[in-house]
Amino acid sequence: MTALATAAVGFEDDLDSEFTARADSGPRARWRRIGRDLGNGILVLWGAATLTFFAVNAMPGNPAVAMAGGAGSHPSKALIAAVTREYGFDKPLIVQYFTYLSQVVQGHLGFSASQKEQVTTVISQSIWPTITLTLTALALAWLIAIASCLITVRRRRVVSSLGSGLEVFAASLPQYWLGIVLLEVFAFTLGWIPATGGTGIIGLILPALTLAIPLGGFLSQVTRDEFEAALEQPFVVSARARGMSDRAVRLRHALRHAILPGLSLSGWALGALISGAVIVETLFSRNGLGGILLVGVSQQDMPLTVGVTLIVALTYVIAGLVVDALYLLVDPRLRAR
Amino acid sequence: MTAINSRSSVAAVARAATFRGTSLRLPRPGPLLAVLFLLFLVVAVVDPSLLTRYQPLAINPAHSLEPPSFTHWFGTDPSGRDIFARVVYGAAPSLSIGVAATALALVLAITLGLIGGLGGRFVDGVVSRVLEVLFAFPALLLALLFVTIFGASVTSLIVSVGLGSAPGYARMVRGQVIAVKSAPYIKASRVLGHSRARILRQSILPNAMRPLLVLGTLGIGQSIVWASSLSFLGLGAAPPAPEWGAMLAAGRDFISSAWWAELFPGAVIVLVTLATTSLGRYVQRRLEGRDAGT
């Protein structure tokens, strides 16, 4: 996983401030909060689109040439001039920007020159494999994290050290390298799983594991710290005093607390998984947004690149809202108010 | 009163530690191994010829794709170059990319975090929104765009990795600055009539930056993984250079016939990340006064 460690700490700060913010929340404050989140979400989408728009336009080379088939196909001057006029490349950049923005606001993501199709069509064709991949990976990562914590936190010293050691190891694995090693072992040497082109669940196993193992190790580290802290809380002592078994204490009391920081990271992790999907989809020759993004950038296809960026930013925003809702589910203290 | 309390609790912790027979003085195997490995890397950076007698770029077609042996510890690549030598000589470029990217990220983060944390409501709002946008922006896309605009080079690699990881640190610095800003010792310092610049330099900066030391250590490993991912996608160092990510990208085509060309450079990256992470966490735990055991 990339730069996960850095992201975590920032989020933990946010977590604290959100707790205090929620502590004095009535219905009105909650509506205000939802309004603020929505405003923030729109701002994030606008920022991401703007950044990408200007970055793609800052790329060297004439976008009209790229649109007319690329420099390699030697488009005629007349064709380039026609494309320039049709797409308004002769207008000032800022005019192009506002024209494009007003289209996007109306729901038109534009036409992808490299795919010869509407951007919405291209995205709708490639989004599902990526969503399946990233959600499966996120679920697997949580499974790894929770299992590792339940099994190894505060056990015999050897077991605890082994658990935390494995977590650090898993989190250190570069995705592409892990993917290659998994491919080599399970596809080429053992022959259990086809290397590429496997459809359905079989084809999903290796790519999802490639994304899930480093993320799982990382989520596990965050969860472990919280789990350890939770097991020392007075409510754990009182639960044990009531005669609750160790397993029940862990499952019913400690786990709830322990998953909160990881949960608040999950929204961001989903965004990061899409970055990872670019690498994994390339490696396993899977269809998906990652490949589309690579094509968009390399072909200077502005509408396509901005379109994919918007989808990723939207995922991030929606995931944030879902995480908020899950918080209510996991932490009954928030529901009581 | 509080001073006495905290002192007695320190004593209690110390007693408990000796009572359980856990000695905090003995170095743990993990951090110790990490330090040893990092020392090895320092030698590889300073004078790689001490560690291997082969040259990283010396082609020897007669010994192409040889498996690991006593003469070639990590085997050879398709051009017959010694992979161990390439890994050793690759330490300098790969590590400097990681360190430089982390340093850049930290500088950006400290600037943004200080502006956000010390600025007024409006300034803080703007900085927070900017960070939010950068967070939602897929880091890989940022790197892709950057490298496409400025061309694939080691510098682009450093800048794009630094830019990509800055928002995470910046959020943290901002949080720290806000927490430190209202600490009693800042008030005391103000009462003593110290200038704003002096308070910033003597009190806010050192206290807000302390956690960054650990994070920076953790970040170096992550930056190396990041940078090597980009090299792997062909966005970084050019192929013949012995940079770890570029070596991985080159080895990928021979994975079925020559696993060693892919395994060893990757394993070294994993080891660097492991070493920096375990060392960083160890220091973190020591600073927080927790048992450094796990």
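Select first R154(A), which sits in the loop between α6 (119-152) and α7 (157-172) of chain A. The structure on screen is a predicted model. The phi of R154(A) is near 50 degrees, a positive value in a residue other than glycine. Most residues other than glycine have a negative phi. R154(A) counts as partly exposed, because 17 C-beta neighbours lie inside 10 Å.

Next, select S285(A), in the loop between α11 (246-283) and α12 (289-298) of chain A. Although S285(A) is not a glycine, its phi is positive, about 45 degrees. S285(A) has 10 other C-beta atoms within 10 Å and is therefore exposed.

Remain in chain A and display helix α8, residues 175-189. This helix of chain A has 15 residues and reaches 20 Å from its first C-alpha to its last, close to the 21 Å expected at 1.5 Å a residue. Centre the view on L183(A), where α8(A) has a kink of about 25 degrees. L183(A) is also one of the buried residues of α8(A); the others are Q175(A), Y176(A), W177(A), L178(A), G179(A) and I180(A). After the helix, select G191(A), which follows α8(A) and has a positive phi, near 70 degrees.

The tour now turns to the boundary between the two chains. The contact takes 46 residues from chain B and 45 residues from chain A. To see the chain B side, colour α4 (121-136), α5 (139-150), α6 (154-181), α8 (196-232) and α10 (260-287) of chain B, each of which supplies at least two residues of the side that touches chain A. Among the contributors, α8(B) gives the most to that side, with 10 residues. Colouring by residue class divides the side of chain B that touches chain A into 25 nonpolar, 16 polar and 5 charged residues.

Move next to helix α9 of chain B, residues 244-251. How many of its residues are buried? The helix is mostly covered, with 8 of its 8 residues buried. They are W244(B), G245(B), A246(B), M247(B), L248(B), A249(B), A250(B) and G251(B). Show the surroundings as well: what covers these residues of α9(B) includes α8 of chain A, together with α3, α8 and α10 of chain B. The helix of chain A with the kink at L183(A) thus reappears here as part of the cover over α9(B).

Within this helix, select A249(B). Why does A249(B) count as buried? The reason is that 24 other C-beta atoms lie within 10 Å of A249(B), where 20 or more are required. Leaving aside neighbours within four places in sequence, A249(B) is in contact with S231(B), F232(B) and G234(B). For a distance check, add R190(B): A249(B) and R190(B) are 59 residues apart in sequence and 56 Å apart in space, C-alpha to C-alpha.

For the last stop, display helices α2 (residues 29-46) and α3 (residues 83-118) of chain B, which pack at an angle of about 95 degrees with their axes 7 Å apart. That angle is why α2(B) is described as roughly perpendicular to α3(B). Show side chains for L41(B), A44(B) and V45(B) of α2(B) and for V88(B), A91(B), A92(B) and L95(B) of α3(B), which make the contact. By class, the contact of α2(B) with α3(B) has 7 nonpolar residues, with no polar and no charged ones.

Conventions: Residues are numbered from 1 along each chain as its sequence is written. Chains are lettered from A and ligands numbered from 1 in the order in which they are written. This is a predicted model: local features need pLDDT of at least 70, side-chain atom pairs count only at pLDDT 80 or more; totals for chains, interfaces and linings use all residues. Helices (H or I, at least four residues) and strands (E, at least two) are DSSP runs, numbered from the N terminus. The expected span of a helix is 1.5 Å times one less than its number of residues. The bend at a residue is the angle between axes fitted to the seven residues ending there and the seven starting there. A residue is buried if 20 or more other C-beta atoms lie within 10 Å of its own, exposed if 12 or fewer, and partly exposed in between; C-beta atoms are placed from the backbone. Axes are lines fitted to C-alpha atoms, for helices over the stretch in contact, and angles run from 0 to 180 degrees between N-to-C directions. Angles under 35 degrees count as roughly parallel, over 145 as roughly antiparallel, 65 to 115 as roughly perpendicular and the rest as oblique. Two residues are in contact if their C-beta atoms, placed from the backbone, lie within 7 Å. Ala, Val, Leu, Ile, Met, Phe, Trp, Tyr, Cys and Pro count as nonpolar, Asp, Glu, Lys and Arg as charged, and the others, Gly among them, as polar.
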